[in-house]
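Student: Hi, I've just opened this one and could use a guide. Could we start with how the helices pack?

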Amino acid sequence: MAGALAWGRRRLQLSFAKHPSLAGHSRWAKRVTRWIPGYAYGDEEVFRTDGASDAVEAARRQGFFRLAGQFAGHHPRSIIQSTEAARHISDLQFTRAYRVPFQFSPYVRTHLKLGGFVESSEGVHITDLDGRRYMDLTGSYGVNVMGYDFYKSCMEEAAQRVQALGPVLGSLHPCTAWNAERLCRISGKDEVSFHMSGTEAVMQAVRLARYHTGRKYLVRFCGSYHGWWDDVQPGPGNPMPPGCTYTLKEMDEDTLRVLSTRKDIACVLVNPLQALHPNRPAPGDSTLVDSSRSAGFDRQRYTEWIRSLREVCTRRGIVLIFDEVFLGFRLAPGGAQEYFGVDADIVTYGKTLGGGFPVGVICGRRSLMVRYREDRPADICFARGTFNSHPELGGQRAAHLQSQLFRRGVSVGDRPISSGRRVDATRWVVVAGSRRG
Ligand SMILES: Cc1ncc(COP(=O)(O)O)c(C=O)c1O
């Protein structure tokens with residue numbers, strides 16, 4: 001009886017810690033997506049779904065078709081290529097269909113053709129197949145922090161550095177050792193593992209946490225994105241039912257209570273970008289369409305939140321993972337850890353760190369990064385990936401890191417990477433002592 005009561009209490013605590021919106025209830029959210037019927041506005045209603053007057057409707061219609069005419073006139077080659085290629089590229093079909101809310105999508109697809117192919121880039125601009133230049137507001141999913149020319153120079157430098165080795169896999173190029181050492185220094189962690197994407201890095205961080213704690217559940221916060229793998233995307237978009245994931249409220253006492261009492265939680269995943277909009281997803285295309293975007297940031301409150309998370313995770317033996325795939329080192333040379341003054345147990349990086357190439361990186365404490373047990377040799381934590389330490393990707397990361405460290409004056413104190421080419425040591429800024437001693 002006492003056991004049943006305790007179970008009931010914990011269950012209730014878990015329910016309270018869920019965000020009241022559908023985003024906090026993955027099962028319900030999935031159910032609801034199956035109930036929403038498909039429908040679309042035709043020519044009669046599409047410009048007046050909000051009950052707009054005839055004059056407003058006419059102005060909208062005129063503006064829309066003027067834009068469509070401009071696109072068709074300015075970008076004919078790009079549009080033709082995109083329309084033809086979409087027949088074979090499912091990704092293109094998907095993005096075309098969901099560029100605007102689904103009710104408007106067929107109309108917009110029919111009348112407002114867009115090109116999705118580009119030929120060159122320069123700084124913050126890209127040029128399409130018709131020679132038209134655009135300012136690239138999307139920044140390659142946040143990868144382009146420094147302007148495309150910077151990444152191009154990293155790519156060139158990387159290709160030269162590893163040219164002699166080529167695509168040899170399994171054995172490592174010295175770049176990889178150099179990268180690992182610098183990443184450990186920047187993150188304040190002992191070990192590094194390399195992966196091909198942010199999603200894979202997060203997958204591996206969670207797997208390691210489960211392996212070392214012997215517990216199943218990961219806690220993620222409502223609205224936060226950590227890639228597209230099943231356990232971090234338990235709601236709509238994933239055909240599987242939610243598995244070993246608790247999606248809880250961020251910046252909330254109820255969540256701390258759950259972390260303090262449950263014994264099945266292996267790790268907590270924090271995406272510090274959420275500080276701008278706790279419990280809500282980052283704005284997507286359709287948010288921009290309805291202009292409802294808002295963001296706010298309370299540094300002190302978020303810092304207090306992260307510190308209480310740190311405290312409860314330490315007390316309960318839960319692995320605290322900072323997912324800095326998006327933020328990287330934008331907040332401080334040491335990333336969110338330094339900015340908020342909190343040491344995570346594992347940190348994941350990606351995106352711009354690759355200097356334009358695919359990347360996912362985990363930095364962690366040695367006790368969590370180890371993938372085997374001396375006393376139980378058959379009990380390992382498997383992680384592989386054919387291209388994980390590809391020489392060119394290593395060279396690219398090195399070129400990027402080198403330049404970043406230099407720009408920011410972060411302690412390096414030596415020359416990067418061997419492989420024949422010596423780099424001018426005067427380019428390096430040496431700051432006494434490293435950030436974490
Ligand atoms: C915080 C965070 N984690 C993980 C990912 C997944 O990275 P990738 O797209 O490289 O798999 C992203 C991508 O946007 C991200 O923003």
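Tutor: Sure, one convention first: axes are lines fitted to C-alpha atoms, for helices over the stretch in contact, and angles run from 0 to 180 degrees between N-to-C directions. Helices (H or I, at least four residues) and strands (E, at least two) are DSSP runs numbered from the N terminus. This is a predicted model, where local features need pLDDT of at least 70 and side-chain atom pairs count only at pLDDT 80 or more, while totals for chains, interfaces and linings use all residues. Numbering starts from 1 along each chain as its sequence is written.

Student: Got it. So at what angle do α1 and α11 pack?

Tutor: Helix α1 (residues 2-16) and α11 pack at an angle of about 145 degrees, and their axes are 8 Å apart. On the α1 side, the contact is made by R10, Q13, L14 and F16. From α11 come D254, R257, V258 and T261. Contact here means that the C-beta atoms of two residues, placed from the backbone, lie within 7 Å.

Student: Which classes do the residues of that contact of α1 with α11 divide into?

Tutor: They divide into 3 nonpolar, 2 polar and 3 charged residues. Ala, Val, Leu, Ile, Met, Phe, Trp, Tyr, Cys and Pro count as nonpolar, Asp, Glu, Lys and Arg as charged, and the others, Gly among them, as polar.

Student: And α11 against α13, how do their axes cross?

Tutor: Helix α11 (residues 253-261) and helix α13 (residues 299-316) have axes that come within 9 Å and cross at roughly 15 degrees. The two are therefore roughly parallel to each other, a label for angles under 35 degrees (over 145 is roughly antiparallel, 65 to 115 roughly perpendicular, the rest oblique).

Student: Who makes the contact there?

Tutor: L256, L259 and S260 of α11, together with S308, V312 and R316 of α13. By class, this contact of α11 with α13 has 3 nonpolar, 2 polar and 1 charged residues.

Student: Let's zoom out. What does the secondary structure of the chain come to?

Tutor: The chain has 16 helices and 10 strands. It runs to 437 residues, and buried residues make up 33% of them. Buried means 20 or more other C-beta atoms within 10 Å of a residue's own, exposed means 12 or fewer, and partly exposed is in between, with C-beta atoms placed from the backbone. Among the contacts in the chain with a separation of 6 or more, 72% are accounted for by residues 24 or more positions apart.

Student: Now the ligand. How many residues surround it?

Tutor: There are 13, and the closest are G198, T199, G227, V325 and F326. A residue is near a molecule if its C-beta atom, placed from the backbone, lies within 6 Å of it, and the rule for a strand reads likewise. Helix α10 (residues 198-213) gives the most to this shell, with 3 residues. By class, the shell has 5 nonpolar, 7 polar and 1 charged.

Student: I was clicking on K113. Where does that sit?

Tutor: K113 is in the loop between α6 (105-111) and β1 (118-122). It counts as partly exposed because it has 18 C-beta neighbours inside 10 Å. Residues up to four places away in sequence aside, K113 touches F71, A72, I79 and T83. H75 is 38 residues from K113 in sequence, yet 9.4 Å from it in space, C-alpha to C-alpha.

Student: Anything odd in the backbone torsions?

Tutor: Take S140 in helix α7 (residues 139-142). Its phi is near 50 degrees, a positive value in a residue other than glycine. Y141 lies in helix α7 too, and the phi of Y141 is near 60 degrees, again positive without being a glycine.

Student: Is Y141 buried or exposed?

Tutor: Y141 is exposed, with 10 other C-beta atoms within 10 Å. S140 has 15 such atoms and is partly exposed.

Student: Last pair: what about Q233 and D298?

Tutor: Q233 lies in the loop between β5 (217-221) and β6 (245-248), and is partly exposed with 19 other C-beta atoms within 10 Å. Beyond its neighbours within four places in sequence, Q233 is in contact with W228 and N238. D298 is in the loop between α12 (285-289) and α13, and is exposed, with 12 other C-beta atoms within 10 Å. D298 and A275 are 23 residues apart in sequence and 7.6 Å apart in space, C-alpha to C-alpha.
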